[in-house]
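Biologist: I'm new to this one, so could you walk me through it? Let's look at the protein first and then at the DNA.

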Amino acid sequence: MPELPEVETIKRKLKDNILNEVIKEVNIYYPNIIENVSIDEFKSKLIGQQIIDMDRRGKWIIFVLNDYYLLSHLRMEGKYVYRKHDDEVEKHEHVAFLFESGLELRYRDTRKFGRMYLLDKEDAFNKKPLNELGLEPWDNSLTSDYLLDKYKTKKLPIKSVILDQSIIVGIGNIYADEILFKSHINPLCKTNELNSNDCDNIIKYTKETLEDAINLGGTTIRSYESTEGVHGNFQDNLLVHNHEGYSCPKCNTTIIKIRVGGRGTYYCPNCQK
DNA sequence: AGTGCGACCCGAACGC
DNA sequence: TGCGTTCGGGTCGCAC
């Protein structure tokens, strides 16, 4: 499940592989992937555009083109693969970008959950989805005061709020559990009951956890194949997520799994009170 | 406005 | 030669 570290890894890989390529042709096999423009508009605007940079905002990959930003969200299982134009289109390949060089980049997504937006560069940051995003983990504006202000009205459990992309971007279900464990915060704790020290810990361990994961190329659990998607190694460093029934690495208490806001949540009932 | 929940998807895992 | 059901994951839209 691509969260920020996986998306960052994929973005860097894309930059290595397709920087300066010029789009010659676009084929779409599952139109629902394209969110804010018609299929015809999507194709006609993209043809002739050059990949002049690759960027990332939260879990969104940004293809920086001459006149547009192409945004791509992988949701759970989206990935990019490189093919030749003649190669048969496989079952879960939904969008294909053919470049002048003959290389073809294909978007593959088993569950069809991923989405793409095509935005004019001019006002892209004033438009959905970019205008709804909170702070990057390394933004200097991310302080305990900022979090306290956002948290003070929220009665939801912190586990749910730490996933809220309008506050801090990039944290998904896996890293949320890890960050709360390192911060010694119970995932069910009401968000408005957290103090300044808790917020400092959340910020500190969000940065630390995501940095470590990026350095290891992200996390690979469940469905990710090793081919051209991301195959990271951070899964070996997970402390509580997916560790139901195992011992807490700090105190040896058995890690338990509960559901919070409908999501599987792992924590140590002794360390996180 | 804040909150809760189903919908979107489909392969894997599970239960019998 | 099993088959029907449940689960999970991020986000949106709708109902309260």
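Biologist: How many bridges join β5 to strand β7?

Modeller: Keep in mind that this is a predicted model. β7 covers residues 103-108, and β5 and β7 run antiparallel. One residue pair to look for is K79, whose bridge partner in β7 is R108. The number of bridges joining β5 to β7 is six.

Biologist: And which strands are the edge strands of that sheet?

Modeller: It's an open sheet of four strands with antiparallel pairing, in the order β1-β6-β7-β5. An edge strand here pairs on one side only. That picks out β1 (23-28) and β5 (79-84).

Biologist: What does the twist average from one strand to the next?

Modeller: Go along the order β1-β6-β7-β5, one strand at a time. From each strand to the next, the twist averages 20°.

Biologist: Okay, helices now. Which helix lies across β1 and β6?

Modeller: There are two helices to check. Helix α1 (residues 4-18) lies across β5, β6 (93-99) and β7, at about 20° to β5, so to speak on another set of strands. The one across β1 and β6 covers residues 39-46 and runs at about 165° to β1: helix α2.Biologist: On to the DNA. Which residue puts a polar backbone atom 2.8 Å from a phosphate oxygen of DNA strand B?

Modeller: The residues around DNA strand B include K91, H92 and K155. K91 has a polar side-chain atom 3.3 Å from a phosphate oxygen of the strand, and H92 has a side-chain N or O atom 3.3 Å from one. Those two use side chains. The backbone atom at 2.8 Å belongs to K155.

Biologist: What share of the strand B atoms within 4 Å of the protein do sugar and phosphate account for?

Modeller: The residues around the strand also include Y30, N32, R111 and F113. By class, this surface has three nonpolar, four polar and five charged residues. On the DNA side, sugar and phosphate account for 59%.

Biologist: How many charged residues does the surface near DNA strand C have?

Modeller: 15 residues surround DNA strand C, and H73, M76, R111, R259 and R263 are the closest. Three residues of that surface are nonpolar and four are polar. The charged ones number eight.

Biologist: Which residue's side chain has an N or O atom 2.7 Å from a base nitrogen of strand C?

Modeller: Of the strand C atoms within 4 Å of the protein, 60% belong to sugar or phosphate and the rest to bases. R259 has a polar side-chain atom 2.3 Å from a phosphate oxygen, and a polar backbone atom of N173 is 2.9 Å from a phosphate oxygen. The side chain at the base nitrogen is that of R75.

Definitions and conventions
Residues numbered from 1 in each chain as written. Chains lettered and ligands numbered in written order. Predicted model: local features only at pLDDT ≥ 70, side-chain atom pairs only at ≥ 80, totals over all residues. Heavy atoms only, no water. Near = heavy atom within 4 Å. Polar contact = N/O pair within 3.5 Å; in protein donor to acceptor, adjacent residues only side chain to side chain. Nonpolar A, V, L, I, M, F, W, Y, C, P; charged D, E, K, R; others polar. Pairing = 2+ DSSP bridges. Axes fitted to C-alpha atoms, helices over the stretch in contact; angles between N-to-C directions. Contact = heavy atoms within 4.5 Å.
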